[in-house]
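Me: I have just started learning to read protein models. Could you walk me through this one, term by term?

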Amino acid sequence: MSETLANLSSESRQFPPPEALAAAANVKADAYEEAAADRLAFWATQADRLDWAKKWDQTLDWSNPPFAKWFVNGELNVAYNCVDRHVEAGRGDRVAIHWEGEPGDTRTITYAELLKLVSQAANTLTDLGVGAGDRVAIYLPMIPEAAVAMLACARVGATHSVVFGGFSVQALSTRIQDADAKLVITADGGYRRGKPSALKPTVDEAVAQCPSIENVLVVRRTGQDVAWNDKDKWWHETVEQAGTEHKAQPFDAEHPLFILYTSGTTGKPKGILHTTGGYLTQVSYTHNAVFDLKPESDVYWCTADIGWVTGHSYIVYGPLSNGATQVMYEGTPDTPGRDRFWQIVDKYKVSILYTAPTLIRTMMKWGDDIPAGYDLSSLRILGSVGEPINPEAWMWYRENIGRERCPVVDTWWQTETGGIMISPLPGVTATKPGSAMTPLPGITADVVDDQAQSVPNGGGGFLVLRDPWPSMLRTIWGDDQRFLDTYWSRFGAGAGSGDDWIYFAGDGSKKDEDGALWLLGRVDDVMLVSGHNISTTEVESALVSHPSVAEAAVVGATDPTTGQAIVAFVIPRGNVETEGDIGEQLNVDLRNHVAKTLGPIAKPRQIMLVPELPKTRSGKIMRRLLKDVAENRSLGDVTTLQDSAVMDLISAGMQTGKSED
Ligand code: ATP
Ligand code: MG
């Protein structure tokens, strides 16, 4: 039988946790044993981190798989857990949010102030007739009101659907319609790249197509002119005038908390539904464990946008449930200069930084001298999420940002999983550059072949989750069938084989000789070259390990002799010459470099030097569009693409691009 997914690269570097950090770590090695001995008891213990109005009587009800119920009949209020209880415990003066606007304006919000804001917003929602069982669309820039709006919805039992503030009328209106939302919360605009960027006109157009919307609440952020309609109400004339007392009612542990659409890297976004008790348990536990958060002394900063699941779980619900002090930044990393992130780290003495590989690679491209000009000594833990992190980028992050002092935690998870699933623990795990290492305590991840058999160490295949977990998605909003088809019908009971329900994540992975997990990208992207299944990630990482390369994306294009052939799109580093003969030589060198690193089977047929790559709004590379280009097809769904002009540039280059040597 042929192998499911080839294992081509190997990595021998390993970094044990710093001793002092390990000694004082929130979570130690015994957590794995405790969870393995009794997984449900382990999660019940973690649920005790929260304040429950009514204790659950069953940890997990899995009698109707794959529809899980966690903490059955328990009741809690999510906003109470994220805000009120810290104030009641005497920590009202602790800073919850250090907010930094892109133009340099700032706001400091303590937990006591956050409680006031959330209570006022909750009172306004009630006045507008929004309560349990309703949906609210949130379309805001990265301003504190975004977190306040989410928490206010949670507080009154309304389900929020946050739509990324850069999306089009079409994307916003289909999401409003799909969720049948009653209210939109938006702003006049936000600051992006040094200028006000309007949001309200998009909402005006979308709302005209959405009869379910009864009211539009508008935060004034930029002061730009806005059209004013019957349904519009200013935030400062409603919320900021509302009563500051609001008593939070508890809701059932399975009460819906939010709908969030996936990033759309692979196709049409799916409306993922999350509920309250299990979700908050897992995001609270993982935020505490993976980032080793010491709420009294740490300053945490997650650079994601609130419109993505990372913003939901690791800006709003995880950190706030843990009483963290965090930085929230409105704008782009290069405004006014390419050092903005490092300025912010030094200014607020950030100790835990959580960002994405796309940003790390961009910082690499901009040059080591930029972070070198900053102190950065407050940092103690670095995190990564969103895509596989190439070993080269991991090492750059460790050396240039962490100054070889900070553990790097590469965290694998998805919108669907709600919380982190596979990650090192910074006080326990000896990390390897580019590996997410092992499932967290209480999580059962595995790599299997197409018969759902575990692959041995050294083998590659499909990443699956064998047991339900507290923050798992409950369904795709309004489409149980798509939920079953997408995640549960590939392996196990849902595929008609055996009694076990096995969740298929859609990602490829391998186990190295020690059993550590290496994420290899989407299985849809795997290339079949002369009978070998080759992952995009391994070839991309080999390219990025060449000193002339900043970023790379590879796809398999139909080829008459090999079935598929590897086509690579490469962004050279800033100082690299690419014109004429020099460019052609670089092309040859890169192809040989890959062949030498991974073996001749992985040698790209063709390399395109490009100025940019197509990315989703959350910064992930969209390989399916590159495949369309490589195979001369018209482009598939581009609604979640960051910048459509990029595709024109790449297609133009493709026609003139040289192939073959
Ligand atoms: P869609 O499902 O609509 O195509 P998406 O999968 O990009 O969109 P998200 O839920 O935001 O939407 O992303 C989750 C995916 O991101 C994972 O399935 C995986 O492919 C990738 N990913 C996230 N973190 C990591 C990581 N640490 N290592 C490797 N891949 C990661
Ligand atoms: Mg996905």
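**A loop, a ligand and some labels**

Reply: Let's start with Pro66, which sits in the loop between strand 1 and strand 2. Strands here are DSSP runs of E with at least two residues, helices are runs of H or I with at least four, and both are numbered from the N terminus. This is a predicted model, in which local features need pLDDT of at least 70 and side-chain atom pairs count only at pLDDT 80 or more, while totals for chains, interfaces and linings use all residues. Residues are numbered from 1 along each chain as its sequence is written, chains are lettered from A and ligands numbered from 1 in the order in which they are written, and side-chain values use heavy atoms, without hydrogens and water.

Me: What makes the bond between Pro65 and Pro66 special?

Reply: That peptide bond is cis, with omega about 5°. Most peptide bonds are trans. Another cis bond runs from Thr335 to Pro336, with omega near -5°.

Me: Why is Lys349 called exposed?

Reply: Exposed means over 50% relative accessible area, buried under 20%, and partly exposed in between (1.4 Å probe, protein chains only). Lys349 has 54% relative accessibility, so Lys349 counts as exposed. Lys349 lies in the loop between helix 12 and strand 18 (352–355). Lys349 also has a positive phi of about 55° although it is not a glycine. Most residues other than glycine have a negative phi.

Me: How do you know that Glu404 is exposed?

Reply: The relative accessible area of Glu404 is 53%, so Glu404 is exposed. Its phi is positive too, at about 60°, and Glu404 is not a glycine.

Me: What makes Thr262 a polar contact of ligand 1?

Reply: A polar contact is a pair of N or O atoms within 3.5 Å; within protein, one must be able to donate a hydrogen and the other to accept it, and residues adjacent in sequence count only if both atoms are side-chain atoms. An N or O atom in the side chain of Thr262 is 2.6 Å from an oxygen atom of ligand 1, so the pair fits the definition. A backbone N or O atom of Glu387 lies 3.3 Å from a nitrogen atom of ligand 1.

Me: How do you know that helix 5 has close to its expected span?

Reply: The expected span is 1.5 Å times one less than the number of residues. Helix 5 (residues 111–127) has 17 residues and reaches 24 Å from its first C-alpha to its last, close to the 24 Å expected. Just after helix 5, Gly129 takes a positive phi of about 80°.
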